[in-house]
Amino acid sequence: MSKEKFLSDAKAHIEKTCSHITKSLQETLTAIKRSEEIYLSLPEFDRPVEKQVQNYHKKRLAELSHLEKSPYFVRCDVVFDEESKPHTFYFGKFNFNQDSIYSWVTPASAIRFENPGKVSYFLPSGKQQNALLLRKDQYMIVEGRIKFLSSESTEYPRKLIFQEHFSVLKSSFALPEIVAQMEKLQDQVIRAHHVGSFLISGPAGSGKTTLALHRVAYMNQSPDLAEKYPSQSIVVFVQDNGTKEYFSQLLPGLGINDIFITTFSEWAMSILKLKSGYAPRFIFHEESEENLDLFEFSKLQALKKHRLKNDSGFSLLKKIYAPFFSDKQKEIFQKQMESDTLDRIDLTILLKSFYQKNRKLEIVSEYLIENKFGKIETKKAAKKMSYNLAVIDEFQNYLPEQLRLIKKCLEEKNQSVIYVGDMTQKVQLGTISGWDAIEENIHDKRQVVLHKVYRNTKNILQFIASLGYDIEIPTNIKDGSPVSEKIFVSPQDEIDYIQKTLAQKTFQSVGVLAKNSFYVDKFRKRLTDKKIHCMTINEAQGVEFDIVFLVGIHPKLFSLNFPQDTPLDLIQEKKKINRDLLYVALTRAISELHISGKENLRNVIQLSAIDKHI
């Protein structure tokens with residue numbers, strides 16, 4: 001068969017399938033409308049059942065909406081043992097049985113990673129199913145159109161049928177079709193046994209987060225695990241609200257709805273019922289960065305050694321910190337109390353104290369009921385924090401005490417938790433530096449370390465490697481633009497350069513990153529385009545941009561000026577954080593990286609001696 005005929009038949013099948021899905025989608029919409037119309041006419045005791053029907057239809061509607069744009073990514077023609085007739089299966093994100101489309105979590109979908117010939121997979125019963133894979137076609141379908149198609153069979157080797165040029169920028173798709181391109185090893189990772197801790201580690205851009213979310217989707221949807229891991233029993237901890245919104249867009253695309261996505265601070269404050277403001281680190285612009293580091297260091301000593309005291313809020317914190325603070329640090333804490341702002345260490349101490357008093361973590365909520373006299377009363381009910389599965393994104397930014405508190409909320413029998421991140425990318429003081437710190441022992445077979453970085457261009461990765469970072473560069477990524485380094489005398493010159501550069505480009509997202517928040521503010525006031533995001537490097541961890549401008553480079557950017565009696569372990573940790581912070585900044589760029597300031601970056605690295613830690 002010619003490639004033209006092959007492609008024509010494939011397009012016809014997709015068009016026919018999409019029309020069937022569209023029809024089913026319309027029928028589902030009609031069913032939802034009908035259910036909503038009769039809901040109010042039902043007796044009160046029948047409404048919960050009808051609500052479940054509505055929820056089922058709405059979930060199916062979301063699935064069909066995804067399938068309508070991308071119905072499947074693999075076709076497999078197989079002959080099962082003891083049969084002579086071939087069967088054609090299509091595998092996609094969700095089932096659509098009318099056209100023989102099956103979800104990627106079904107056991108049979110494992111054959112999509114095999115070469116044509118003899119294959120086998122295991123049924124939920126444990127029985128091995130043997131078959132002959134006659135033909136395998138791999139697709140990428142976006143908005144109902146074929147972007148990529150290849151085919152291989154027992155009669156001919158793999159051949160490219162069609163490939164349309166498409167943008168490699170992540171912003172082009174809400175979720176890249178990584179399921180379709182996943183390596184067999186990664187599929188085995190996703191399907192690994194569900195009990196216990198699991199680690200997915202790798203540098204920025206290696207695909208670790210996507211891999212973790214696919215593991216969650218498998219545990220939530222596979223026939224043998226779905227009952228153990230319903231959506232309402234899963235919690236995902238993220239770094240900030242930006243990442244929370246990003247995950248909220250990704251998860252429905254994998255068929256996961258109603259999962260609790262939260263930050264540690266949001267979670268802790270809801271348990272403690274606090275109304276104070278929150279900042280990961282209290283910033284007092286009149287104090288040097290070194291003084292604020294020492295302030296945090298003293299808090300961390302208090303966190304490790306404090307004993308239970310009968311108090312709460314700032315009163316409790318003041319008592320706990322008193323033995324560890326210098327007079328200067330007491331003044332800074334007074335300013336913090338006046339601003340009514342808690343930081344990550346404060347929250348952890350308060351939550352740890354709450355647990356020590358109550359021996360559990362729970363949320364007390366209020367609800368209204370009608371009493372026997374017809375009056376409305378307010379009642380309170382406590383709900384214990386308990387999860388069948390926890391996902392902790394960027395785990396390296398959590399204090400050991402925070403991770404211990406999360407683990408106390410895991411269902412005791414399975415203790416299922418997925419750690420996602422990289423222990424070598426710490427950007428805050430006091431965070432976890434080894435698994436012993438939380439009594440965690442993760443077997444080697446449950447540790448997946450990704451090495452290759454797929455997000456950035458070759459020129460960006462080569463530039464990062466030239467600074468001394470150990471980074472593996474894939475051979476098949478595009479070169480991209482050279483990294484640009486400019487020397488400017490003032491922030492205004494940098495702003496002018498950014499505006500001039502962007503005026504000549506089409507872009508989806510731009511990140512303007514600086515080490516300090518007061519420097520970022522200068523740019524935030526002038527660069528008001530919604531596609532331009534001005535933030536500190538710490539805030540940028542976990543996000544990415546088409547174009548990144550790293551601004552404010554100056555000779556003393558990473559230099560330390562601690563007093564002579566500063567503990568050596570604080571100095572060493574701060575140097576390592578500065579090294580990791582720079583790596584985070586450089587790896588936020590997908591296609592272009594611009595660096596500017598008063599000094600060349602390479603010179604700054606040498607002046608600050610963080611090159612000895614790279």
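Here is a walk through a predicted model of one protein chain, from its domains down to single residues.

Let's start with the overall layout. The domain assignment splits the chain into four parts: domain 1 covers 3-164, domain 3 covers 282-342 and domain 4 covers 458-608. Domain 2 is written in two pieces, 187-272 and 384-449, and the residues of domain 3 fall between those two pieces in the numbering. If you want a sense of scale, take the C-alpha centres of domain 1 and domain 3: they are 56 Å apart.

Now for the aromatic side chains. How many aromatic pairs does the model hold? The count comes to 19. One of them is Tyr72 with Tyr90, whose ring centres lie 4.5 Å apart. Their planes meet at 45°, and because that falls between the 30 and 60 degree limits, the pair is classed as tilted. Tyr72 belongs to the loop that runs between α2 (47-69) and β1 (74-80), while Tyr90 is part of strand β2, residues 87-92. The two are 18 residues apart, so this contact bridges distant parts of the chain. Are these tyrosines buried or exposed? Tyr72 is buried, at 0% relative accessibility, and Tyr90 is buried as well, at 6%.

Move along to Tyr497 and Phe549 for another kind of geometry. Here the ring centres are 6.2 Å apart and the planes stand at 85°, so this pair is edge-to-face. Tyr497 sits in helix α14 (residues 491-503) and Phe549 in strand β21 (residues 545-553), so the contact ties a helix to a strand across 52 residues of sequence. Both partners fall under the 20% cut-off for buried residues: Tyr497 has a relative accessible area of 16%, and Phe549 has one of 1%.

Aromatic residues also gather in a group. Which residues make up the aromatic cluster? Phe295, Phe314, Tyr321, Phe325 and Phe333 form it together. Going by the numbering, these five fall inside the bounds of domain 3, 282-342.

Two rings have a charged partner over them. Back in domain 1, which spans 3-164, Arg47 lies over the face of Tyr39, 5.3 Å from the ring centre. Lys159 does something similar with Tyr156: its charged end sits over the ring, 4.3 Å from the centre.

Next, have a look at how some helices pack. Helix α8 (residues 289-305) meets helix α11 (residues 344-358) at an angle of about 15°, with the axes 10 Å apart. Anything under 35 degrees counts as roughly parallel, and that is why α8 and α11 get that label. Their crossing is left-handed. Helix α11 has another neighbour in helix α7 (residues 264-272), whose axis comes within 10 Å and crosses at roughly 45°. At that angle, α7 and α11 are oblique to each other. This crossing is left-handed too.

The stretch leading into α8 is worth a quick stop. Ala279 is in the loop between β11 (277-278) and α8. With a relative accessible area of 21%, Ala279 counts as partly exposed. The C-alpha of Ala279 is 8.9 Å from that of Ser265, a residue 14 positions away along the chain. Ser265 falls within the residue range of α7, 264-272.

Some backbone details deserve a look as well. Which way does phi go at Ser100, positive or negative? Ser100 has a positive phi of about 55°, although it is not a glycine. You'll find Ser100 in the loop between β2 and β3 (101-103), where it is partly exposed at 26% relative accessibility. Glu143 also has a positive phi of about 55° without being a glycine. Its place is the loop between β5 (128-142) and β6 (145-153). Glu143 is exposed, with a relative accessible area of 56%.

The last stop is His194, in the loop between α4 (184-190) and β8 (197-201). Although it is a loop residue, His194 counts as buried, at 10% relative accessibility. The C-alpha atoms of His194 and Tyr218 are 10.0 Å apart, with their positions 24 residues apart along the chain.

Conventions
Residues numbered from 1 in each chain as written. Predicted model: local features only at pLDDT ≥ 70, side-chain atom pairs only at ≥ 80, totals over all residues. Heavy atoms only, no water. Domains from an automatic or database assignment. Phe/Tyr/Trp six-rings, centres within 6.5 Å; stacked < 30°, edge-to-face > 60°. Helix = DSSP H or I, 4+ residues; strand = E, 2+ residues; numbered from the N terminus. Buried < 20%, exposed > 50% of the residue type's maximum accessible area, 1.4 Å probe, protein only. Lys NZ or Arg CZ within 6 Å of the ring centre and 35° of its normal. Axes fitted to C-alpha atoms, helices over the stretch in contact; angles between N-to-C directions. Parallel < 35°, antiparallel > 145°, perpendicular 65-115°, else oblique. Left-handed = near helix turned anticlockwise from the far one by under 90°.
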